[in-house]
Amino acid sequence: MLLNNISLFLKIVEKGSLSGAGRESGLSSTTVSERLSALESHFGVVLLNRTTRAISLTEEGRTLVEGAKSLLGEVEELESR
């Protein structure tokens, strides 16, 4: 589940919104928000600053984006082997 939540986090960042990530993933905005909250709880940090109009990465969020891209790339490579 952790890898799925990390992947969803990257999709949120890519789309620029929770609702956009939800539409692409076939998930409700509520589910996306809950999974983001679970990810933030897991790491014990806030990953995104959220307002009604926009989201922005925190420093911790930027760090996770960098590491997550590498991690998920390696997971995909392992699965293809």
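**Close-up 1. K11 and E24 pair up in a salt bridge.** In this predicted model, the side chains of K11 and E24 come together as a salt bridge, with 3.1 Å from N to O. The pair ties together distant parts of the chain: K11 sits in helix 1 (residues 2-15), E24 sits in helix 2 (residues 18-25), and the two are 13 residues apart. K11 is partly exposed, at 22% relative accessibility. E24 is partly exposed too, at 43%.

**Close-up 2. R50 reaches E40 across distant parts of the chain.** Here the closest N and O atoms of the salt bridge between R50 and E40 are 2.7 Å apart. R50 belongs to strand 1 (residues 48-50) and E40 to helix 3, so this bridge links distant parts of the chain, 10 residues apart. How do the two ends fare for exposure, buried or partly exposed? E40 is buried, because its relative accessible area is 10% and the cut-off for buried is under 20%. R50, at 37% relative accessibility, counts as partly exposed.

**Close-up 3. E59 and R62 meet within helix 4.** This time both partners share a helix: E59 and R62 lie in helix 4 (residues 59-80), 3 residues apart, or about one turn of the helix. Their side chains form a salt bridge at 3.1 Å, N to O. E59 is exposed, with a relative accessible area of 53%, while R62 is partly exposed at 38% relative accessibility.

**Close-up 4. Four residues join into one salt-bridge network.** Back to K11 and E24, whose side chains meet in a salt bridge. Which residues make up the network? Salt bridges with shared partners connect K11, E14, K15 and E24 into one network. For the model as a whole, the count is 6 salt bridges.

**Close-up 5. R35 is buried without a salt bridge.** R35 is part of helix 3 (residues 29-43). How far away is the nearest side chain of opposite charge? That side chain is E34, and it is 8.4 Å from R35. A salt bridge needs a nitrogen and an oxygen within 4 Å, so R35 and E34 do not make one. Which residues does R35 touch, then, leaving out those up to four places away in sequence? R35 touches M1, N4, N5, L8 and L27.

Notes: Residues are numbered from 1 along each chain as its sequence is written. This is a predicted model: local features need pLDDT of at least 70, side-chain atom pairs count only at pLDDT 80 or more; totals for chains, interfaces and linings use all residues. Side-chain values use heavy atoms; hydrogens and water are left out. Helices (H or I, at least four residues) and strands (E, at least two) are DSSP runs, numbered from the N terminus. Buried means under 20% relative accessible area, exposed over 50%, partly exposed in between (1.4 Å probe, protein chains only). Lys and Arg count as positive and Asp and Glu as negative; His and the chain ends are not counted. Contact means heavy atoms within 4.5 Å.
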